[in-house]
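The following exercises are to be worked through with the sequence and the structure at hand. Attempt each task before reading its solution.

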Amino acid sequence: FKGARRKGGKGGSGEGRVPVKPKLTQVTIPEVITVGDLAALLETNAAAVIKDLMKMGVLASVSQPIPGDQAAAVAEGMGLIVTRGTDIEAEARALEVDEDSADELEERPPIVTVMGHVDHGKTSLLDALRSSRVAAGEAGGITQHLGSYQLTTSDSKLVTFLDTPGHAAFSAMRARGANVTASSLKQQTVEAIKAAKSAGCPVIVAINKADDGVKQQTVEAIKAAKSAGCPVIVAINKVDKEGADPEKVGVELLEHDIVLERFGGDVMAAEVSALQGVGLDELLEKIGLMAELLELRSNPKRPAEGVAVEARMERGLGPVATTIVQRGTLHVGDIVVAGATWGRVRKLVINGAEVDEAPPGSPVDVLGLQAVPNAGDSLRVADSEQLARQIADVRAQRDREERAAVLFSAQADTKQKELFGEIERDDKASKIDVVIKADVQGSAEALRSAIEALEQTDSFGFSATCRVLRAGAGELTLEDVQLASVSDALVIAFNTQPSAATVAEAEKLGIQVVKHSIVYDALDDVSARLADLVAPPASKWLGTVTGRAEVMQTFKIGKGVGMVAGCKVTEGKMRRGSNLRVIRGKEVMHEGKINQLRYLKEEVDEVGEGSECGISFDTFDGVKEGDVVECYVGGGGGASDDDDDDDTPASDDDDA
């Protein structure tokens with residue numbers, strides 16, 4: 001016993017010693033991590049991490065997720081070597097299959113994206129090609145969804161079309177259409193890539209009216225196609241209209257480095273009329289020629305891969321993902337992963353007809369997913385339900401943490417600035433919170449981008465913007481209304497009908513739900529609400545503003561003069577006899593005329609910037625300290641712009 005004790009004791013051989021843990025020198029930081037998990041990863045306590053975050057201006061609790069860049073900054077501050085890690089690559093590897101050999105590849109249909117300016121006839125052209133009436137069914141007669149169709153040409157060849165919206169609000173949907181077209185050509189041979197001159201990408205048909213010149217959305221579509229590496233065919237539509245000038249379109253395209261074949265370039269063009277059916281065969285012939293040059297081939301026997309170009313929630317059907325199958329064949333019963341959701345394919349629909357499988361190049365509606373994926377999410381077949389569920393759960397958790405981290409970071413930044421006096425709570429910035437529910441995910445995304453870009457400002461520096469709390473597809477739910485009630489948000493139901501129970505709950509909570517079916521109307525509605533938060537523009541009869549003054553003090557002088565405002569001119573000049581309006585905050589209190597204008601007790605014609613003056617009003621005695629007086633000329637009854645400027649007081653130091 002004594003020997004054993006000595007052997008394992010302090011002077012023994014060391015078999016009983018606790019091994020010393022090596023010092024931490026390197027860590028891998030994920031995209032999002034909680035403060036507590038970061039402390040454990042860095043082998044320190046949470047208080048130390050919170051302290052370091054506070055030094056960076058970030059206020060966070062132990063359970064609060066923070067972005068990876070902030071976590072990395074904390075780790076680097078401790079002298080550690082930081083690498084950024086993510087599980088996205090691992091998810092992709094779990095769904096990968098071996099590349100196809102040349103003898104496994106078969107011809108597949110080209111995927112053609114139709115782009116261009118609103119009202120230039122993109123959907124009408126597709127209607128003519130497939131003898132349908134899609135445009136008439138769209139609200140306002142404009143395309144607001146990203147549609148996909150498959151046509152059979154006269155020589156029995158299949159062509160898949162993507163119809164993209166032309167309104168400026170839908171730029172993300174057009175870019176997504178171009179990217180789907182480009183990414184579907186990964187199996188091109190080297191010879192086909194050289195022949196296509198664009199890294200082996202298929203066709204973008206840019207639509208332009210023959211009587212309207214080249215518009216911004218057409219230019220944007222061409223740029224999206226070029227950045228995606230896709231060859232372009234320009235369809236010059238409405239050549240049957242009076243005043244049509246196809247040559248003008250070709251000349252204007254030269255300004256954007258698009259040289260048509262008729263001008264010695266390599267860009268094909270077709271003159272068409274969707275209404276009269278002119279030139280449609282020529283357009284399909286050019287698309288077929290381009291497809292032959294590209295040698296579009298894919299392996300139909302491999303597990304399917306595709307892109308959800310649109311997604312929506314349909315009553316009675318559940319989540320529906322409009323998908324372009326890029327490689328492989330999708331079958332009913334396949335287990336698929338689409339973004340942060342998964343499911344077993346319950347039904348496949350192509351061109352309105354139910355099918356058992358969707359080969360490469362097919363536009364298909366996929367039913368059976370657990371939730372609505374985001375437009376643009378990749379869709380892949382998984383080996384097992386367990387693998388699909390695990391990947392979807394990891395992605396969903398990451399998305400939740402990223403949203404929470406971004407929201408918290410913004411809130412913490414604002415609180416930190418308020419705490420240290422960098423901003424005032426009652427400043428000149430106003431904001432409208434918005435919750436968006438649309439019939440399809442693409443429309444929700446487009447509205448989010450367009451609404452967040454809206455802003456209203458006035459001449460006093462007041463501004464009003466929008467913050468979108470949530471934008472998704474499907475029916476408006478009680479959860480959406482409850483989220484809106486937290487910040488008194490406006491709820492927009494776009495092309496979707498909220499249930500009576502949801503509307504009743506919204507009324508109970510005092511939340512306004514507005515319904516729109518046309519993007520123009522939705523944006524105009526929100527813009528008008530923003531305009532209400534800033535000072536309104538001046539009435540036209542007032543004329544042009546020449547100066548502004550702040551009311552420093554008010555005086556009551558006899559019956560003949562009335563209320564006098566002691567002011568300091570902060571901008572431009574104040575002129576006697578001019579039109580004016582009095583602003584209090586963002587509210588117009590009075591519009592009228594300057595009755596008297598005095599400087600150093602002397603009545604003058606005008607007072608310049610930096611000087612103090614006394615102003616009396618013709619029919620208004622409600623002026624208060626802090627009001628702003630605006631001076632206008634050129635309107636009805638106002639002073640002339642040709643007034644002599646020599647009477648302007650020069651000194652800023654004299655007392656009024």
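**Exercise 1.** How many salt bridges does a search of the whole structure find?

*Solution.* The model is predicted. Searching the whole structure gives 25 salt bridges.

**Exercise 2.** Describe the salt bridge between Asp480 and Lys437, and decide whether each partner is buried or exposed.

*Solution.* Step 1: the closest N and O atoms of Asp480 and Lys437 are 2.7 Å apart. Step 2: Asp480 belongs to helix 14 (residues 478-486) and Lys437 to strand 22, so the pair links distant parts of the chain, 43 residues apart. Step 3: a residue is buried when its relative accessible area is under 20%. Asp480 has a relative accessibility of 2% and therefore counts as buried. Lys437, with 7%, is buried as well.

**Exercise 3.** Identify the salt-bridge partners of Arg576, Glu603 and Asp605, and state how accessible these residues are.

*Solution.* Step 1: the side chain of Arg576 meets that of Glu603 at 3.2 Å, N to O. Arg576 lies in the loop between strand 28 (562-575) and strand 29 (579-584), and Glu603 in strand 31 (residues 602-603), so this salt bridge ties together parts that are 27 residues apart in sequence. Step 2: Arg576 also forms a salt bridge with Asp605, at 2.5 Å, N to O. Asp605 is in the loop between strand 31 and strand 32 (606-608), 29 residues from Arg576. Step 3: partly exposed covers the range between under 20% and over 50% relative accessible area. Arg576 at 33% is therefore partly exposed. Glu603, at 38%, is partly exposed, and Asp605, at 33%, is partly exposed too.

**Exercise 4.** Which residues touch the most other members of the largest nonpolar core, and which element gives the largest share?

*Solution.* Step 1: this core has 24 residues, and Leu447, Ile451 and Val526 touch the most other members. Step 2: the elements that give two or more residues include strand 22 (429-438), helix 13 (441-452) and helix 16 (519-531). Helix 16 gives the largest share, 5 residues. Step 3: leaving aside residues up to four places away in sequence, Leu447 touches Ile436, Phe494, Val519, Ala522 and Leu523.

**Exercise 5.** Check the length of helix 16 against its expected span, and name some of its buried residues.

*Solution.* Step 1: at 1.5 Å a residue, the 13 residues of helix 16 should span 18 Å. Step 2: the end C-alpha atoms of helix 16 are 18 Å apart, which agrees. Step 3: the buried residues of helix 16 include Val519, Ala522, Leu523 and Val526. In an α-helix there are 3.6 residues a turn, so residues three or four places apart point the same way.

Methods
Residues are numbered from 1 along each chain as its sequence is written. This is a predicted model: local features need pLDDT of at least 70, side-chain atom pairs count only at pLDDT 80 or more; totals for chains, interfaces and linings use all residues. Side-chain values use heavy atoms; hydrogens and water are left out. A nonpolar core is a set of buried Ala, Val, Leu, Ile, Met, Phe, Trp, Tyr and Cys residues joined through side-chain atoms within 4.5 Å. Buried means under 20% relative accessible area, exposed over 50%, partly exposed in between (1.4 Å probe, protein chains only). Helices (H or I, at least four residues) and strands (E, at least two) are DSSP runs, numbered from the N terminus. Contact means heavy atoms within 4.5 Å. The expected span of a helix is 1.5 Å times one less than its number of residues. A salt bridge is a side-chain nitrogen of Lys or Arg within 4 Å of a carboxyl oxygen of Asp or Glu.
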